[in-house]
Amino acid sequence: MAAHGQDLGDNLVEAALKLALAQLAKQQSQEKEAPPAAGEPAAQGVVHLHGLPEINRTIQTALEDAEREILTAQPDGPRPGLVLDEALESVRRQIAGGVAMRTLYQHTTRFDEATKNYVRTVTDHGVQVRTLAEFFDRLIVIDRSTAFISANDDRTAASMITEPSVVRFLSDVFERSWDRAEPFPFIPIHAAQAAPEVVPAIRESIRRLLVEGHSDKVIARRMGISERSLQAHVAAIKDGLGAKNRLHLGYLLGRSETTLVL
């Protein structure tokens, strides 16, 4: 029951975020039609960024201005070693200067050597890292005053948000996720030993996403795993429930979900 309540809470958070951003976009549209009077400052809001060069340049500029805190959520599982090296360089000066930093990854990063090496390095500088089964999308919050989120599925567009109410909401999303995340472990080292700690949570998220009707491609992306790995998890779930095929699995999962609701 607790797990179901947590999943429902996550869905409500994501829905509320979309509503908040939609309301902000409507407000900006209205302000364009009726610009502020002379001498009246324009409301803070959203800057739309297009293309990876512009996105990365704008984020880097904001990171360089960080004075107190950097919060980041990086979904999609393990990241290439070169990307991790660049990520460290982008914040090395800030964390050396005392800027607090917390990062959320997905559980699947616990099996990736490049990510483990990166986490070992940044934690030596005081960065805190935790993992979750899933996080709904990429998020960066700087000094609780500026936030960056993805604006499309392939992340070639982003939004820089400075509207205080929305940044506060996004910060709260991060904090709620942080509270239920697990510290990134270095022992046990081997994936086979680490698996019992995170696989149940991964499979529970997969079960929920299957019940919600998402495609394998969407589920794999949200879980930060390949579709091949997803199929292995689905096969294990089928075996655990005694399902004869994928259709039967859907029936059993749906029945289980209904029982939880009731």
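**Exercise 1. The whole chain**

What share of the contacts in the protein with a separation of 6 or more comes from residues 24 or more positions apart? Then describe the overall make-up.

*Solution.* Start with the ground rules. This is a predicted model, in which local features need pLDDT of at least 70, side-chain atom pairs count only at pLDDT 80 or more, and totals for chains, interfaces and linings use all residues. Residues are numbered from 1 along each chain as its sequence is written, and side-chain values use heavy atoms, with hydrogens and water left out.

Step 1. A contact means heavy atoms within 4.5 Å. Residues 24 or more positions apart supply 72% of the contacts with a separation of 6 or more.

Step 2. Count the elements. Helices (H or I, at least four residues) and strands (E, at least two) are DSSP runs, numbered from the N terminus. The protein has 9 helices and 8 strands.

Step 3. Look at burial. Buried means under 20% relative accessible area, exposed over 50%, and partly exposed in between, with a 1.4 Å probe and protein chains only. Of the 262 residues, 43% are buried.

Step 4. Add the surface. Accessible areas come from the Shrake-Rupley method with a 1.4 Å probe; for residues, only the protein chains shown count as cover. The total is about 14,100 Å², and carbon and sulfur atoms hold 55% of that.

**Exercise 2. The sheet**

Find the order of the strands in the sheet and name its edge strands.

*Solution.* Step 1. Two strands pair if DSSP finds at least two bridges between them. Strands of a sheet pair through backbone hydrogen bonds, either parallel or antiparallel.

Step 2. Read the order. The 8 strands form an open sheet, S1-S7-S6-S5-S2-S3-S4-S8, with mixed pairing.

Step 3. Find the edges. Strand S1 (46-50) and strand S8 (182-183) each pair on one side only.

Step 4. Check how each edge is held. S1 and S7 run antiparallel and are joined by 5 bridges. There, Leu-49 has Ala-158 in S7 as its bridge partner. S8 runs antiparallel to strand S4 (residues 128-132), with 2 bridges between them. Thr-131 stands opposite Glu-182 in S8.

**Exercise 3. Strands S5, S6 and S7**

Trace the pairing from S5 through S6 to S7, then explain the burial of S6 and S7.

*Solution.* Step 1. Strand S5 (residues 139-142) pairs with S6 in the antiparallel sense over 4 bridges. Leu-139 has Ile-149 in S6 as its bridge partner. The hairpin of S5 and S6 has 3 residues between the strands, and Asp-143 takes a positive phi near 55°.

Step 2. S6 also pairs with strand S7 (residues 157-161), again antiparallel over 4 bridges. Ala-147 stands opposite Ile-161 in S7. Phe-148 faces Met-160 in the same way, standing opposite that residue of S7. The hairpin of S6 and S7 has 6 residues between the strands, and Arg-155 takes a positive phi near 60°.

Step 3. In a regular strand the side chains alternate between the two faces of the sheet. So check both faces. In S6, Thr-146, Phe-148 and Ser-150 are buried on one side, and Ala-147 and Ile-149 are buried on the other. In S7, Ala-157, Ser-159 and Ile-161 are buried on one side, and Ala-158 and Met-160 on the other.

Step 4. Conclude. Strand S6 (residues 146-150) has 5 of its 5 residues buried, so S6 is largely enclosed by the rest of the structure. S7 also has 5 of 5 buried, so S7 is largely enclosed too.

**Exercise 4. Two residues**

Is Thr-72 buried or exposed? Which class does Asn-56 fall into?

*Solution.* Step 1. Thr-72 lies in strand S2 (residues 69-73). Its relative accessibility is 7%, so Thr-72 counts as buried.

Step 2. List its neighbours. Leaving out residues up to four places away in sequence, Thr-72 touches Met-101, Arg-102, Thr-103, Leu-104, Leu-139, Ile-140 and Phe-174.

Step 3. Asn-56 sits in helix H2 (residues 52-64). Its relative accessibility is 47%, so Asn-56 counts as partly exposed.

Step 4. Asn-56 and Ala-158 are 102 residues apart along the chain, while their C-alpha atoms are separated by 9.9 Å.
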